[in-house]
Amino acid sequence: MDFLKKFTQVQDDSTMGFKGTPAETGYLGTVKADPNFNAQTDAARLKKAIETKGVDEATIVEVIAKKTNAQRQKIKEAYQQSTGKPLAEALKKALKSDFEEVVLALLMTPPEYDAFEMKRAMKKLGTNEDVLSEILGTRTKNEIEALKRSFKEVNGQLLEEEIKSEVKGDLETTLVALCKGTRSEDRNIDDGLAKSDAKALFEAGENRIGTVCSVLIDILTTRSEAQLCKIFKYYGELSKDGVAKDLEGELSGNMEDCLMTLVKAAWNKPAYFAEKLHLAMKGMGTNTDTLTRIIVGRSEIDLLKIIQEYKKMYGKTLQEQILKETNGDYEKIMMAICGAP
C-alpha cells in the first residue's frame, strides 16, 4: 500500500497521537534486558565461541542479540578484563560478511553506531545522502547531540564541518540545520502558527512558479513533529493533493528525499522505517546495510511498532520477508533481534 495515500489523510485530532497514529505508551523495542544477565559468564561464552574451530555462530547470536545495548557494554568490559583484548577486534577477526557487520553494530553504543553510519555514508567515493537524511531527520535532540559528540571523538572532526565538505546547495543547508539539533520537541501545538506556516508552505511551492526552498527548509527543520502534523492538516485545506504529493511534484533527487523524510517521519515514524525496510528488500538483491542499520538502530526504540506497521502496509510480516530475502547466520541474528525465540 502506498505510504502517502495511507499516512497523509487528515485524521481526527481527538483520537490520534501527535504523529498521526494512535497514541501509545510502553516499551516498543524488541530487545529486552536479560533478567539473568551475568557479564562474566557471557564474556566467557563468547571467548569459547570465538575459539571454537569454525566459530560457534549460534552462541554469538544468542549472547549478543538477546541482550540490551547496556548489557552488551558490560560484556565488552568483562571480555577486555578477562582476555586483555577488545571484544570487537576478536569478533572482527572471527566473523565475516553481513553477519560480522551486524554483530559489530550491536556492540557499539547507539551514538557510536549513528556516528559510524554517518562517517561511512561520507567516506566512500560519492556521498550516500539518503543515510544522512534518514539519521538526522529521525533522531531526537539528545540523540543528535550524542551523535555529534561521538563523531568528534572518533573522527577528530565536527560532523557539521564534514557535512559541509561533502554536500552542497539546499541539501547542505537542510542537513546542517538538522545537525544543529535545535528542532522543537514541544508537544503543545500553536494553532495560529500552524495556519500561517501552512499558507507559507503552499505559497512557497505549489502556488507559484518555482519553489522557495528556504521557506520549506525553515519550517520543516525547526517545527516539532506535533506542530508539523497540524501544519500538514491545514495545508490539506489549501491544496487538493496535500503537502507530500506537492513536494514530490515540486522537488527532485536528494533534496526531495530529505524533505520527504521529514514529512513522513512526522506523520508516522515507524511507518517511515517500515517503508525503508520494504524498499531495502524489494526487487533484485537486498540492501543489507539499510536492513542492518534500521533493525539494529530501532531495536530498543520502536522496532515492535515498525513490525506492526509493516504488516499493515504490506500484508505480510517483516519476519517473513527477512526469511525470504536473507539466509545463514545473518538471517538468524536479524530474526533474533526482531524477537524470534
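How much space lies in the second largest pocket? About 670 Å³, as the first close-up below sets out. Before the views, a short note: this is a predicted model, where local features need pLDDT of at least 70, side-chain atom pairs count only at pLDDT 80 or more, and totals for chains, interfaces and linings use all residues. Residues are numbered from 1 along each chain as its sequence is written, and side-chain values use heavy atoms, with hydrogens and water left out.

**View A. The second largest pocket and its lining.** The space in this pocket comes to about 670 Å³. Its lining counts 30 residues, and Leu104, Ala105, Met108, Glu112 and Phe116 are the closest to the pocket's centre. Two or more lining residues come from each of helix 4 (69-83), helix 5 (87-94), helix 6 (97-107), helix 7, helix 9 and helix 17. Helix 7 gives the largest share, 8 residues. By class, you will find 12 nonpolar, 5 polar and 13 charged residues here. A pocket is an open set of points on a 1 Å grid over the protein atoms alone, where a 1.4 Å probe fits, with protein on both sides within 12 Å along at least five of seven lines; lining residues have an atom within 4 Å of a point. The volume is the space filled by probe spheres set on the points, which are joined across faces, edges and corners. Ala, Val, Leu, Ile, Met, Phe, Trp, Tyr, Cys and Pro count as nonpolar, Asp, Glu, Lys and Arg as charged, and the others, Gly among them, as polar.

**View B. Helix 6 and its covering.** Helix 6 is largely enclosed by the rest of the structure, because 8 of its 11 residues are buried (under 20% relative accessible area with a 1.4 Å probe, protein chains only; exposed is over 50%, partly exposed in between). Phe99, Glu100, Val102, Val103, Leu104, Ala105, Leu106 and Leu107 are the buried ones. Their cover includes helix 3, helix 4, helix 5, helix 7, helix 17 and helix 20 (328-337). Helices are DSSP runs (H or I, at least four residues), numbered from the N terminus. Ser97 also belongs to helix 6, but this residue is exposed, at 52% relative accessibility. Ser97 has a positive phi, near 60°, and is not a glycine.

**View C. Val55 in its loop.** Val55 sits in the loop between helix 2 (39-51) and helix 3 (57-65). Here too phi is positive, near 70°, in a residue other than glycine. Most residues other than glycine have a negative phi. Val55 counts as buried, at 15% relative accessibility.

**View D. Helix 8 and Thr261.** Helix 8 (residues 129-138) has 9 of its 10 residues buried. Helix 16 (253-280) is among the elements that cover them, as are helix 9 (141-155) and helix 10 (159-166). Thr261 lies in helix 16 and is buried, with a relative accessible area of 4%. Beyond its neighbours within four places in sequence, Thr261 is in contact (heavy atoms within 4.5 Å) with Ser133, Glu134, Gly137, Thr138 and Tyr272. Ser133, Glu134, Gly137 and Thr138 are among the buried residues of helix 8.

**View E. Helix 14 meets helix 16.** On the helix 14 side are Glu225, Leu228, Cys229 and Phe232, which meet Val263, Ala265, Ala266, Trp267 and Lys269 in helix 16. These contact residues divide into 7 nonpolar, no polar and 2 charged.
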